[in-house]
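Welcome! Please look over the chain below, then try the exercises at your own pace.

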Amino acid sequence: MYLSKSMSIKNIVEKYPETIQVFKNIGFKGLENPAVLNKLADISLEKAMMIKREDVDVFMAMLKEAIDGVQKEESTDKKASLMGLLPCPVRIPLLEGFEKYLSENKDIKLKYELKAAYSGLGWIKDEVIDKNDIDKLADMFISAGFDLFFDKDLMGKFKTQGIFKDLTGIKKYNEDFENENISLKDPRGDYSMIGVVPAIFIVNKALLGKRDKPESWADILKPEFARSISLPIADFDLFNSILIHIYKLYGKEGVKNLGRSLLSNLHPAQMIEAKEPVVTIMPYFFSKMVPEKGPKEVIWPKEGAIVSPIFMLTKADKAKELDKVIKYMSGEAVGNVLANQGLFPSVHPKVKNPINGRPMLWIGWDFIYANDMGKLIKECENIFNEGARE
């Protein structure tokens, strides 16, 4: 495999078509179209990442991973299967720990495929869910967000058949998630969680002008922040969680106002002259990259950081075969990697989360079970896009 910063976007995509989805995740569109690719023939990867304000080395690692692929070949002695997406900042340490655990427990017979979250759900949907065959469904899934597990056209159609069960054995979640303000544990006992991805604000105070510093989700919906906000649209799980939380808190008008707040998405060639966002909404993990001295300030929204849950869904009839895998994935070791290396608070009761008791916003199980979440997400996306076009 040959890949360098000086290669053009056109060259990379033509040589490695499997990278198209990675580019899509940061806003590139129409890369399947030769006419679009021709326009990118003179734009190097390094220049494109500078325009997009992405770390070129991190992005190159994502491209290489997409090219290499990560899939364990099936053998005749595998008794159970695991599929899923892991949060990008902690995927490597989680995989390394998991593979070490498997090497120490030779009795575990597992076929697994754990890709980075930026890969999206398309591969799971195409390879597994669309076949509508419970027997071909993986025995265990891990993924963040609501798309996969609650959409009645995706995993939701299997969940309603009662084939999944929370087998972690955790009776009570970490106190950060079980208190007077939040209750994260599924009361029906179907879904397991291992942690959450919280969304926070990074405010560039040098660009505020006469505006007050936004300290809440309500603040960023105000007219004065129109075309001033950067949102994690490429991070589908977190973005969709933000949409449905805003919908619950502030209704359709709130979602439309969020769309109005969006700083316009532009073609990379146009972004050279594009203005920088006043507020960037992103996973808490990225707050560690903000210099202590400078114009940018990390703000934890006063209503709470909206969270995208990291779910674990397990077939009840595979309890015996998956027992050790379940205990490991929901255990303290994985929880510490999530919390300490990714700033993704863990639900494990013994993990000390790096949030210092600050509040988190959770949509709530009553809301989830009262709504068709897949349909609601699509509705919110349409309302958001309507606001963004105004």
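## Exercise 1: Around a tryptophan

Leaving aside neighbours within four places in sequence, find the residues in contact with Trp217. Solution: the contacts of Trp217, with those neighbours left aside, are Ala199, Phe201, Ile242, Ile246, Tyr250, Ile281, Pro301, Glu303, Gly304, Ile306 and Leu361. Keep in mind that this is a predicted model.

Next, place Trp217 in its wider setting. The largest nonpolar core has 97 residues. Trp217 is listed with Leu82, Phe98, Ile281, Met329 and Trp362 as having the most contacts inside this core. Strand β4 gives the most to the core, with 9 residues. A second, separate core has 23 residues, including Leu3, Ile9, Phe23 and Leu40. As background, nonpolar side chains tend to be buried together in soluble globular proteins.

## Exercise 2: The partners of β4

Work out which strands pair with β4, starting with β8.

Step one: decide how far β4 is covered. This strand takes in residues 192-204, and 13 of the 13 are buried, so β4 is largely enclosed by the rest of the structure.

Step two: go through the partners.

- β8 (residues 305-314) runs antiparallel to β4 and is joined to it by 7 bridges. Met193 has Phe311 of β8 as its bridge partner.
- β6 (residues 279-283) pairs with β4 in the antiparallel sense over 5 bridges. Here Ala199 stands opposite Pro283.
- β7 (residues 296-299) also pairs with β4 in the antiparallel sense, over 4 bridges. Phe201 has Ile299 of β7 as its bridge partner.

Step three: link this to the first exercise. Ala199 and Phe201 are among the residues in contact with Trp217.

## Exercise 3: A helix that falls short

How does the span of α11 compare with that of a straight helix of 26 residues?

Step one: take the straight case. At 1.5 Å a residue, a straight helix of 26 residues would span 38 Å.

Step two: look at the model. Helix α11 (residues 236-261) spans only 18 Å between its end C-alpha atoms.

Step three: look for a bend. α11 bends by about 130 degrees at Tyr250. Tyr250 is also one of the residues in contact with Trp217.

## Exercise 4: Two residues in one loop

Are Leu343 and Asn356 buried or exposed?

Step one: locate them. Leu343 is in the loop between α13 (332-342) and β9 (360-361), and Asn356 is found in the loop between α13 and β9.

Step two: check the backbone. Phi of Leu343 is near 55 degrees, a positive value in a residue other than glycine. For Asn356, phi is near 55 degrees, again a positive value in a residue other than glycine.

Step three: use accessibility. Leu343 has 11% relative accessibility, so it counts as buried, the cut-off being under 20%. Asn356 is exposed, because its relative accessible area is 69% and exposed means over 50%.

## Exercise 5: Far apart in sequence

What separation do the C-alpha atoms of Asp372 and Phe150 have?

Step one: find Asp372, which lies in the loop between α14 (365-370) and α15 (373-389). Asp372 counts as partly exposed, at 27% relative accessibility.

Step two: read the separation. Asp372 and Phe150 are 222 residues apart along the chain, and their C-alpha atoms are separated by 7.6 Å.

Step three: turn to the whole chain. Among contacts between residues at least 6 apart in sequence, 78% join residues at least 24 apart.

Methods:
Residues are numbered from 1 along each chain as its sequence is written. This is a predicted model: local features need pLDDT of at least 70, side-chain atom pairs count only at pLDDT 80 or more; totals for chains, interfaces and linings use all residues. Side-chain values use heavy atoms; hydrogens and water are left out. Helices (H or I, at least four residues) and strands (E, at least two) are DSSP runs, numbered from the N terminus. Buried means under 20% relative accessible area, exposed over 50%, partly exposed in between (1.4 Å probe, protein chains only). Two strands pair if DSSP finds at least two bridges between them. The expected span of a helix is 1.5 Å times one less than its number of residues. The bend at a residue is the angle between axes fitted to the seven residues ending there and the seven starting there. Contact means heavy atoms within 4.5 Å. A nonpolar core is a set of buried Ala, Val, Leu, Ile, Met, Phe, Trp, Tyr and Cys residues joined through side-chain atoms within 4.5 Å.
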